[in-house]
Each structure stands twice: as C-alpha cells, then as structure tokens.
Amino acid sequence: MNDWENHKLPHRNRLPARAYTFSYSDEESAITGDRGASSRFKLLNGAWSFHYAENPLFAPCGFESEEYDTSGWDEIAVPSNWQMVGYGRPHYTNVRYPIPVDPPNVPTENPTGSYKREFYVPESWAQMRILLRFDGVDSAFHVWVNGTEIGFSKGSRIPAEFDITNHIHTGVNTVSVRVYQWSDGTYFEDQDMWWLSGIYRDVYLLALPKAHIWDVTTETKFDADYNNADLDIALDLQNLSAGATIEAELLDCALNEVACASADASTSKVNLSMAIKKPSRWTAETPNMYKLLLTLKDASGSVVEVVPVNVGFRQVEIKGEVFQVNGVPIKLKGVNRHEIHPDLGRAVPMETMLQDILLMKRHNVNAVRTSHYPDDPRWYDLCDYYGIYVIDECDLETHGFQDQPGWRGNPAENPECEAACVDRMVRMVQRDKNHPSIIMWSLGNESHLGCNHHAMASAARALDPSRPIHYEGDYHIEVADVYSRMYLDRDSCIAVGKGEFVIENAVGDYRGMPFVQCEYAHAMGNGPGGLKEYWDVFYKYPRHMGGFIWEWVDHGLRVEDEDGAQYFAYGGDFGDQPNDSNFVCDGLIFPDRTPSPGLIEYKKVIEPVHLEALDLSKGVFKITNRFDFSGLDELAMNWTVSADGRVVSTGSAPAPSVAAKSSGEVTIPYETDGLSGECYITISFMLASDETWAPRGHEVAWSQFRLPVVPVIRQLSSDDFPLEMEESPCAIMLTGPDFTFIFDRVFARIATWDVDGVALIEDGPRLNFWRATTDNDRAWDNAKAWRQAGLDALQERVNEVSCQRLGAGVVAITAKTRIAPPIYDRSFECEYTYTIYGTGHVKIDASVVPQREWPETLPRAGLQMEIPYHFDRVSWFGRGPGESYPDTKQAGRFGLYSAQVDDLYTPYIFPQENGNRMDVSWVTLTDLRGQGIIVMGQPTINFSAHRFTTMDLEKARHTNELEPRDFITLNLDYQQNGIGSASCGPGVLPEHRLLTKEYKFSVILQPYSADGMSAAESSKNRL
C-alpha cells in the first residue's frame, strides 16, 4: 500500500509534537524572541530545484541521491504553492471533493513535486542534535537527507519535525522532498478554499545542545479575586547530564525581573511554579505580555541553552451560561480567517499577516477563528502581542461526505481513522498551547459528528484542561463545551438567548452553556446586511458570546487578461471542474487587502462606545462603554457641529471616565443659536496616545445626531420667468429664458434639455425596478423570483400624455404608462407628472401601482436616466462617504461629500449592484468647470452613478469585462431592497424589504453651476 493512501499511517519517524520554541545560546539573543537571532536556527526558504510529474511513478527515481544531477530541473521558491507558479492549476470547491470519493484511495493522476536543495551545517553544530522542520506541506510528503530516507508525514497545516542528526555532516548536505497533491489526508482537508499544493510554509533547521529543553507547557491560574496568579511551568528535558539545573526568570514588558524559580534538572520531567502578585492581565483589549526565560545550565553553571516563552496571564472559564476571560464576560467581535494571498496562494508572508491583524484591530475586530485549520505559527505571536482572541481550529473538514448517503465513509466516523484524527488535534494543541490569545480549541469544521470527535476532545482535554472545546457540528451537544451554530437568523438568536430554541434529540442542554455564532453574516459581494440587528441581540443576552463573520478576505487570485487588464479569478476560471464559482470570494476585505464597505459597516456596528441623545438642546448624552475591560480614559473625545456640511464649531475633551460595561452621562458644550439648514453634531472617540496597532488620533467610534434647528425654506415665484410652449403630436417643446426643454410624447421621456447650449440629459428618466443582482440576491429566491416575474425584461407602453399650463411660468406634463414584462399579464400602472418652471426647475412626481401577481419584494423603485459622460464630478449631502443600503447604512454619516463617478464604484469581484448612497438631500453632477445638474430629494433620495449600465453589471462575471459607456447611468431611487446575507445565511429582514405595493415619490431636477448659488442654498428653494 502506498504511504500516501494508508489512512492508518499518519507519519513515519516524525518527532512527537511540542510547543513552538527555539533554542538560543545566550540570554541576550533569547530576549529578542527573534528566531533569526539564534545561532541555532537556519532557514531553508529560497530557491529549490523542482520537478513536476503527473504521477508519483513518473517522479525522478533516485533523485534523493547526493550525486543526482538536478541541473536540468526548474527552480521553485519555497515557500510557495506550485499551482501559483505555473504547475497544474488552482482548483476551487466549497464542499465537493475534486476527486472521486474512494477513501483512502486517490486518483492515478496524482501530481507530484520533487524538491531538492543543498544546505550547509557549520562546525559549531557538530556535536548538536539537528532537527529538520516543515511548518506546512500539502498534502503528504517523503523527505530524504543525503540520500537517506528520513520520514514521511501528512497533515497539511501542522508542523512536521524530523531528527536528522545521524544523517548529516558538517559542510554541504542535501535535502530532498517528494510532495503528493492527493493523499488519504485529502479526505480530511475539504475546507472551502483553493486546492493548492507544495511546500507552502517555512522550512528550517534547528540545532539543539545534547542536553536540551524539548518541550515546555505554561499555564496561568488566578486566585478567586483575579488579583494574584500562579505561573505553572512543565518542562520535558532530554539527554540530561549530572548536576544540571534549570532556571526560570519572568520578565515584564520593560524586561525587569518579576519572579524567578529554579530546580535540579535531574529528571526528564520538571515542574516549576511562580506566585505573581497582581500581574498585568492579558485580554484582547490589554494584551500585556511577559517573557519567560528558561535557562538550562550544566554542572559547572555554564549556560547550555536559553529558551524564551511569551506568557500572558489569562484565565478562561465558563460560569453557568456565560463565557468569561479573567472572570469577566466577553463578546467576540470576530471574523473567520483563511490564509490566502492573491499572488502567493497560501504562502502568506509575514508582512500580510501583520497587515491583516492591524486592519482587524483598526476596525474593532477582537477575535479570529482559524478557519478551518491551524495557521502559520507566527500568526499566534501577532495575536498575543496585538490582542486578538483565537478559536484555534483543527485541520479537519470532511464536508464532501455529506454528498454520500448518510455521510458514508466519513473519516470522522470511521474508527480506523481515529489515530489520524487524534494526531491532527494533538499536534495543534501541543504546538499552540502556550498562547494566551487562544481561548478555545475547535475539533474542526463540518465533519458531521463521529466517534473520532470524542477521541479528539478527550485527547485535547488530557493535554490542556484549561480551555473549552468548540465544535459547531455537535448539534445535539454531546462533546463540546459551548453551543455553536452557523447562520442562525435574528429570531433564532433571540430564541437561543431566551432559552426557547428547540433542539431535537439533544443530549446536553444548551441553556446551561454559552452560545457563539461561529459563522454568520456571509460577506459575499455587496453586504453583509443586518449586522446591527444581530448585535442588538448579542448585547442583550448574557448567553451570547458574539460571533465570527464569514469571512475575512476574498480568495480571488490576481490574473491578467489578454489585454493586460488585471482582475481576480475564482472557481472555474482555470478550467477547474467541478467548482463553486465565486463562492470563494466572500470576505470583508478584497484580495489585495482593501477594506470593503462590509468591513466599514462592521467596524461601526461593533464600535465600543455608544451614545444616545438625552437632551440635544442642552448637549446631554448617555454614553455606554461596550469595552469588556477598558475604561474610556485612554480615548479623546472630539466633536464637530456642521450646517449643511459646513463646519460651524469644533471642540475636544478627554473622554468621560466610564468603566467597562457601564453607562454615564456627558454634556458637550455647543451652541445652536444662529444655526440654520441641516445641522448635525458628530462626536468622535479617538486614541489619545499611540497604540501598537494604530497611532494617536485613530477613530475608534463615532456618533451623530441631527440638531433641532428649524430649516430655512425660501419660496420662489416662477411668474418672472415665463415659458413658451409648442405642442405637436410627438413632442412638447418648452422654452425658458435660458433653456430648451423638449418632452417626447411617444416614449414619455425628456428628449432634450439644453441650458445655454449644454445638454443636461441624454436619455430618460424612466421608472426602474431592476438592479444588477447581488451575490445575496442570486443565492436566495429573490433573484429567481424577480427574473421569473420578468422584472429584468420590462417594457413600457405609453397610454396617454397630456399637458396643462398652470401659469405663465409653469407647465405640467402628465404621462400615464403601463410597465410590464413579456409573456405575462402582470403590470405596473404608472404615472409621471413633470412640472416645468421658468426658473429651470423640473419636478417629477411618479406613482406606481402594481397589478396582478408580483413577487413579494422588488429590487428597487426609482428613476433611471443617462447623463453626459463629462458630468463626472459628484457632490452630495447625505450619507457617505461609502455606499449604503437599508440594512448596511450604519457607517454612513451625514455630511457634504465630493467624488468622481469612478470613485463611487465598488469593484466587487463578481460585478453587481454597488455604489448606492442613501438619505441624500441633494446631489450635483457637473463637468470639470462646474456646469451640470442638481437633483433634490423630496425630502431625500438614494442615488448611484456609474459608467456602466445596470445590465452591463448584471451580465459581467469579472471586473475586466466592464467597458465604460460614453454616458453616465444615474439612478435616483425612492427605495432599494435590503442586502441581507442569503448567499449563505438569512435573507433580508422584514423591516428592510422593499415590498411590492403602491409607491409615490418626487424629485426636483435643476440646471446647476458651481459659479452660481451653492447646492446647499439651492436645495432650500421651494416653488
């Protein structure tokens, strides 16, 4: 039987799992914590010789020999995935296996990569124990050193370490690795991501002195008041010599000694303990870290080695139904994070890891679930240092077995696979056990529930009883310590909070457990919607721990088309079959780490400071501190009073002293006397000093309130601006002092509107009910129902057009139309009334009455028109600066904004509806000189402006397929349907749905010049 198809063989000669530590020759280098500062560490990353074969038998025979000539081979970078550099192709599936399900067998076509390189062993290592460590290889591999087979390993996302001491010599040596794309381990690793192969994490050598610290386990335990703590240290020592001692020294962040302990190193197992008075505690808000130096000395007192371990004083407990850290209930404002890079695949560099964690912290994210495997070991160091709670998840997902009757063949339920499953769990726990950031162990993801999960949980608890066990697939509560679900809707979350949620055939009782949504709010494309409503529930019920949005980053891979235009590819773009298309692009940030509107919304919803107005006339507010541990003392409070977007006054003060999870009152001194227009106070909470993750002045939270100021209204008379009118069977022509307006009676739209010879409109406006469907629309019944009803193929019949002079300077044109799809007799009975004033104003009143059977909801209801291409300078007063929709508008603050049309576009990987701005009082679209058009809501509108038509966005599958038109599509919407997260979760909440019913709305259009009256002042005119 092939090693790579032997499910009873997790490894051969791999060393037992242990903590991720490094040996240093002295305290000075050990204190740095930098593995590269150790003379006993040698990185083997870089260029390796590489051979690619379609089957293991086609791989070069004898290549492991020291004499084998690889000069004719290619070179490949390590770490990397070979599909990312031209060998084979990336393949994406969500659930389905890309190979026939026949465990433990894999296809004959099993791409195999052979790697080889030389490495140098210095004389100083001659008497040392030498280890070869691979941090990640997908999916199974053999390794040789100097022609001798060293071992074999599976488990793609967990380290494999081998002792090569007896097979190397000082000077030049060779290492050879053969990697198999498919193995029986593949059936354990079906994790909704690109299938990518190769040596994709670091490879390095470790030199240990003959007597050395093999493993270390630390645990911190607080007293009942969480004031003082014990630091317990368990050491596994090897090859001890008589008279050896072990010393432990704990240093604070300033490298001052806090405590020390020592013991004879006379046995292989040594336990030390330190009593620490009032240690600085570790939480995600206060990630206080200590450095533990473990020094092994020989009988003469000489230092043999120093091993540093980072320590955080943190204690996780479940008390009743509440999850606590250091005795305090916490809320997890989390994300699920896959390891992915748009150019490097899963070989994610440290720079990108740091970029991820800084983005998280700056957007109020405090937790990560390592979906669905252990991450690069350096990720956890970042989480410790910057402050991120972690659910560390085992490298186990067998989701594709759900396509077999009764999950037939599922490794998690096969007793023969127990050793393989437990091996994956033990290796994760042992590697990561010393990280304070890890607050739970997870048994994997979407692998049903089997006997092997029970064995994995038992093994984890035996190694580490201090952390609870998580597993979402434990639907009947048999093995996990917390109740976890995915994508429960708001009402179900409320039921869980109340203890009214029904679980059939439950073994345990969730009502005595904490509850976490390990996945919710699927962030695919435009969305997710409804975050505020989720968090209203999470804050209300103590049982709720919070949740983890699916997911952090889009997995799009950067490619170029034949014209050199870049875009991000997804499933199927490489000819990969079967595939799950763009379901791999469902993150809060784009592949290049640009935040999406969804992340901006999430930051606002989970912000830690909340204000409510008690008395706006006096500036009195209720302030609530939603931090779990921190007061507001380290924040500064700034405020701005604005009128029509113009700053009137500002102020600042230290944030009020409000303890965590508490509320108080704050009075902000501002004046409203003399203010007019749309007036707001915006209150921001900023970092008062630099933090590790953001500089002083970074905005953490904000609130905004409209002030009770009477708006200014000016009545205009059109009597001084007479209109001339000419009628014909096909048109109505109106001529004012400086404009010509021609209405097309045949098609009931504006044919011409010229002001001083400048055309304002190229086509329209017309009523519009369709939007380019979002990922959430398409995945739910919405888009299907909308298309079946013909909403994407509507035609308009003009039934009647009439005009009436209402005064010397006022003419009203009324058009009655029927908008309907082909095939069916359903329709919208519509009426437009254009009231044209000699002043140049055009008021459009529209009414819509649905007839016969339509879907429950509509995509949108509004007007659409085409305006000149050069009207690409946009200013507006309303929500901004980013896009907003009924259930994704919390991050939109009212203000005066300016942008170019191209900047209003959100480049979702799969093109779709985007760029809407809500609650807009007015918007101008002008040329470079400031000439154009102003649109005023009655009282507000939604608007979006694109160089693409709605159907361009609907038909395109990638951003490079969008060709700018020679006009701008301007949407003036009365309302849009909400967004939801139905791509893999609940649909739009009832309160955010655009129901199919009668609608009436109005807008005013007017010629505009930036050289004349300002847009804000123009919006105050009434006719």
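This passage walks through the nonpolar cores, a strand hairpin and a loop residue of a predicted model.

A good place to start is the inside. The largest nonpolar core takes in 112 residues, and those with the most contacts within this core are Y602, F621, I681 and I683. Helix α4, spanning residues 418–432, supplies the largest share of this core, with 6 residues. Picking out I681 gives a feel for the surroundings: setting aside neighbours within four places in sequence, I681 touches F621, W639, T640, V641, I668, Y670, S703, Q704, F705 and L707. Another core lies apart from this one; that core has 61 residues, including L767, W786, C830 and A899.

Next comes the hairpin. Strand β16 covers residues 212–222, and 8 of its 11 residues are buried, so the rest of the structure largely encloses this strand. Its partner is strand β17 (residues 229–238), and the two run antiparallel, paired over 10 bridges. One of the residues involved is I213, whose bridge partner in β17 is L237. Between the two strands of the hairpin sit 6 residues, and in this hairpin Y226 adopts a positive phi near 60°.

Last up is S630, found in the loop that links β37 (620–625) with β38 (635–643). Is this loop residue buried or exposed? S630 has a relative accessible area of 17%, and because the cut-off for buried is under 20%, S630 counts as buried. Leaving out neighbours within four places in sequence, the contacts of S630 are E285, T286, N625 and A660.

How values were computed:
Residues numbered from 1 in each chain as written. Predicted model: local features only at pLDDT ≥ 70, side-chain atom pairs only at ≥ 80, totals over all residues. Heavy atoms only, no water. Core = buried A, V, L, I, M, F, W, Y, C linked by side-chain atoms within 4.5 Å. Buried < 20%, exposed > 50% of the residue type's maximum accessible area, 1.4 Å probe, protein only. Helix = DSSP H or I, 4+ residues; strand = E, 2+ residues; numbered from the N terminus. Contact = heavy atoms within 4.5 Å. Pairing = 2+ DSSP bridges.
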